[in-house]
Amino acid sequence: MVPDEVFEVGDRVTHDRFGLGRVIVLEPAAVLVDFGAQRARVTSPYTRLTKL
């Protein structure tokens, strides 16, 4: 089993669907990411979200 990626507020990330963004809020099992045109709550496991 691969552990979940660990994110911090301010991390630059890329998402398979939404593109480039920045983490703005951390939650116990999710992160809120600002992708510019929209914000999205991405839940764990973060299979489509990668830290840059």
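## The first hairpin

Strands β1 and β2, the latter covering residues 19-27, pair in the antiparallel sense over 4 bridges. Together β1 and β2 form a hairpin, with 3 residues lying between them. This description rests on a predicted model, and every value that follows was computed from that model. Within the pairing, Val13 stands opposite Gly21 in β2, while Arg12 stands opposite Arg22 of that strand.

Which residues of β1 lie on its covered face, and which on its uncovered one? In this strand, residues 12-15, the covered face holds Val13 and His15, whereas Arg12 and Thr14 belong to the uncovered face. A general rule is helpful here: in a regular strand the side chains alternate between the two faces of the sheet.

## The whole sheet

The hairpin belongs to an open sheet of 5 strands, arranged in the order β4-β3-β2-β1-β5, with antiparallel pairing. Strands β4 (39-43) and β5 (49-51) stand at the edges and have a single partner strand each, so one side of each is left without a neighbour in the sheet. From one strand to the next, the twist averages 40 degrees.

Following the order outward from β2, one comes to β3, which pairs with β2 in the antiparallel sense over 5 bridges. These two strands also form a hairpin, with 2 residues between them, and the bridge partner of Val25 in β3 is Leu32. Strand β3 (residues 30-34) pairs in turn with β4, again in the antiparallel sense and over 5 bridges; here Val31 has Val42 of β4 as its bridge partner. On the other side of the sheet order, β1 and β5 run antiparallel and are joined by 3 bridges, with His15 standing opposite Leu49 in β5.

## The nonpolar core

The largest nonpolar core has 10 residues in all, namely Phe7, Val13, Val23, Val31, Val33, Phe35, Ala40, Val42, Tyr46 and Leu49. The elements that give two or more residues to this core are β3 and β4. Val13 therefore appears twice in this account, being on the covered face of β1 and also a member of the core, whose residues are buried by definition.

What does Val42 touch, once its neighbours within four places in sequence are left aside? Val42 is in contact with His15, Ala30, Val31, Val33 and Leu49, and one of these, Val31, is also its bridge partner.

## A cis peptide bond

The peptide bond that leads from Ser44 to Pro45 is cis, with omega near 0 degrees. As a general rule, most peptide bonds are trans. Pro45 has its place in the loop between β4 and β5.

## The protein as a whole

Read along the sequence, the protein follows the pattern β-β-β-β-β, and it has 0 helices and 5 strands. Its radius of gyration is 10 Å, close to the 10 Å that the globule rule gives for 52 residues, so the protein is as compact as a globular protein of that length. Along the principal axes, the C-alpha atoms fill a box of roughly 35 × 20 × 15 Å.

Of the 52 residues, 27% count as buried, where buried means under 20% relative accessible area. The protein exposes about 3,700 Å², and carbon and sulfur atoms supply 51% of this area. Finally, among the contacts between residues at least 6 apart in sequence, 32% join residues that are at least 24 apart.

Technical notes
Residues are numbered from 1 along each chain as its sequence is written. This is a predicted model: local features need pLDDT of at least 70, side-chain atom pairs count only at pLDDT 80 or more; totals for chains, interfaces and linings use all residues. Side-chain values use heavy atoms; hydrogens and water are left out. Two strands pair if DSSP finds at least two bridges between them. Axes are lines fitted to C-alpha atoms, for helices over the stretch in contact, and angles run from 0 to 180 degrees between N-to-C directions. The radius of gyration is taken over C-alpha atoms; the globule rule is 2.2 Å times the number of residues to the power 0.38. Buried means under 20% relative accessible area, exposed over 50%, partly exposed in between (1.4 Å probe, protein chains only). Contact means heavy atoms within 4.5 Å. Accessible areas come from the Shrake-Rupley method with a 1.4 Å probe; for residues, only the protein chains shown count as cover. A nonpolar core is a set of buried Ala, Val, Leu, Ile, Met, Phe, Trp, Tyr and Cys residues joined through side-chain atoms within 4.5 Å.
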